[in-house]
Amino acid sequence: MTRTIVVDYDGTITEEDLLQQVSVLFGDPAVVSEVEEALREERISLREEITREYAPVRAPLEEVVDWVLEHVRIRPGFREFVELTRERGWRVVVLSSGFVELIRPTLERGGIDVEILANSVVVEPSGWRVIWREETTCTVCGEECKRGALPGDGEVIYIGDGISDRCAALASDRVFATRGLARYLEDRAVEFERFDDFFDIVRALS
């Protein structure tokens, strides 16, 4: 049986979710606060939240990438996790609601070469415009979520931490979760395995 391991990026591969920090620092903090509250209260979708957070961002991409590279911290054990998957011949996919323009430079700096499925941005004078990876509405959650990117055959292992990971995690065979995703699954009595870093996952998969 084939095995695919799908890994969220912000707050999962990274120790902190820098996606929101970027929108606060380079965009409009008042807008970020407003849409974050609306998302928590389920008045807007995650897609609308990200779109509105990044519309006021007008900084050059290079400036934002430099800031991300200075502040990002990869969760311990990720390199060892990638090495293990290569040894075993497993497919690893980084599946993110963030932007490939911010993800790829971070992983490349660490010498980590993995498949990335993420959104993109177009930097315009009026603000950053998001180009969405997924355009199909999920029949389960009613949003353009990550579930549609999961492979249709073989074993699927999902690793995540937040709201964007919920629907895909529910569709996976085995789930490693932390923070908000762990609380969400626990509240619904869905089986999962907790992790603090990728060394925990390496031990579990070994």
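# Briefing: helix α6, its aromatic partners and the cores

Take Leu107 to start: looking past its neighbours within four places in sequence, this residue is in contact with Tyr9, Ile13, Ile74, Phe78, Val94, Ile112, Val114 and Ile116. Bear in mind that this is a predicted model. Leu107 belongs to the largest nonpolar core, a set of 51 residues, and ranks there among those with the most contacts, alongside Ile5, Phe81, Ile159 and Leu205. There's also another core apart from that one, with 14 residues, including Leu95, Ala168, Ala169 and Leu185.

**Helix α6**

- Helix α6 runs over residues 78-88, and its buried residues are Phe78, Phe81, Val82, Leu84 and Thr85.
- Look down the axis of α6 and those buried residues fall within an arc of 160°, so they line one face of the helix.
- Flip to the other side of α6 and you'll find Arg86 and Glu87, which are exposed.
- As for what covers the buried residues of α6, the list includes the strands β1 (3-7), β2 (91-99) and β5 (155-160).
- Helices take part in that cover too, among them α1 (9-13), α7 (100-109) and α10 (198-205).
- Right after α6 comes Gly89, and its phi is positive, near 75°.

**Aromatic pairs**

- The structure has seven aromatic pairs in total.
- One of them joins Tyr54 and Phe99: the ring centres are 4.9 Å apart and the planes sit at 90°, so this pair is edge-to-face.
- That pair links distant parts of the chain, with Tyr54 in helix α4 (residues 46-54) and Phe99 in strand β2, 45 residues apart.
- Both partners are buried: Tyr54 has a relative accessible area of 0%, and Phe99 comes in at 1%.
- Phe78 and Phe198 make another edge-to-face pair, at 5.0 Å centre to centre and with 70° between the planes.
- Here too distant parts of the chain are linked, since Phe78 is in helix α6 and Phe198 in helix α10, 120 residues apart.
- Phe78 and Phe198 are both buried as well.
- Zoom out a bit and ring pairs tie Phe78, Phe81, Phe195 and Phe198 into a cluster.
- Trp90 has a different kind of partner for its ring: the charged end of Arg3 sits over it, 4.5 Å from the ring centre.

**Thr12 in helix α1**

- Thr12 is found in helix α1 and is buried, its relative accessible area being 0%.
- Its side chain makes a polar contact with the side chain of Asp8, at 2.7 Å.
- Setting aside neighbours within four places in sequence, Thr12 is in contact with Val7, Arg75, Ile159, Gly160, Asp161, Phe195 and Phe198.
- Two of those names come up elsewhere: Ile159 is listed among the residues with the most contacts inside the largest core, and Phe198 is the ring that pairs with Phe78.

**His71 in helix α5**

- His71 has its place in helix α5, which covers residues 61-71.
- With a relative accessible area of 36%, His71 counts as partly exposed.
- His71 and Ile5 are 66 residues apart in sequence, and C-alpha to C-alpha they are 26 Å apart in space.
- Ile5, for its part, is one of the residues with the most contacts inside the largest nonpolar core.

Notes: Residues numbered from 1 in each chain as written. Predicted model: local features only at pLDDT ≥ 70, side-chain atom pairs only at ≥ 80, totals over all residues. Heavy atoms only, no water. Buried < 20%, exposed > 50% of the residue type's maximum accessible area, 1.4 Å probe, protein only. Helix = DSSP H or I, 4+ residues; strand = E, 2+ residues; numbered from the N terminus. Arc of directions from axis to C-beta. Contact = heavy atoms within 4.5 Å. Polar contact = N/O pair within 3.5 Å; in protein donor to acceptor, adjacent residues only side chain to side chain. Phe/Tyr/Trp six-rings, centres within 6.5 Å; stacked < 30°, edge-to-face > 60°. Lys NZ or Arg CZ within 6 Å of the ring centre and 35° of its normal. Core = buried A, V, L, I, M, F, W, Y, C linked by side-chain atoms within 4.5 Å.
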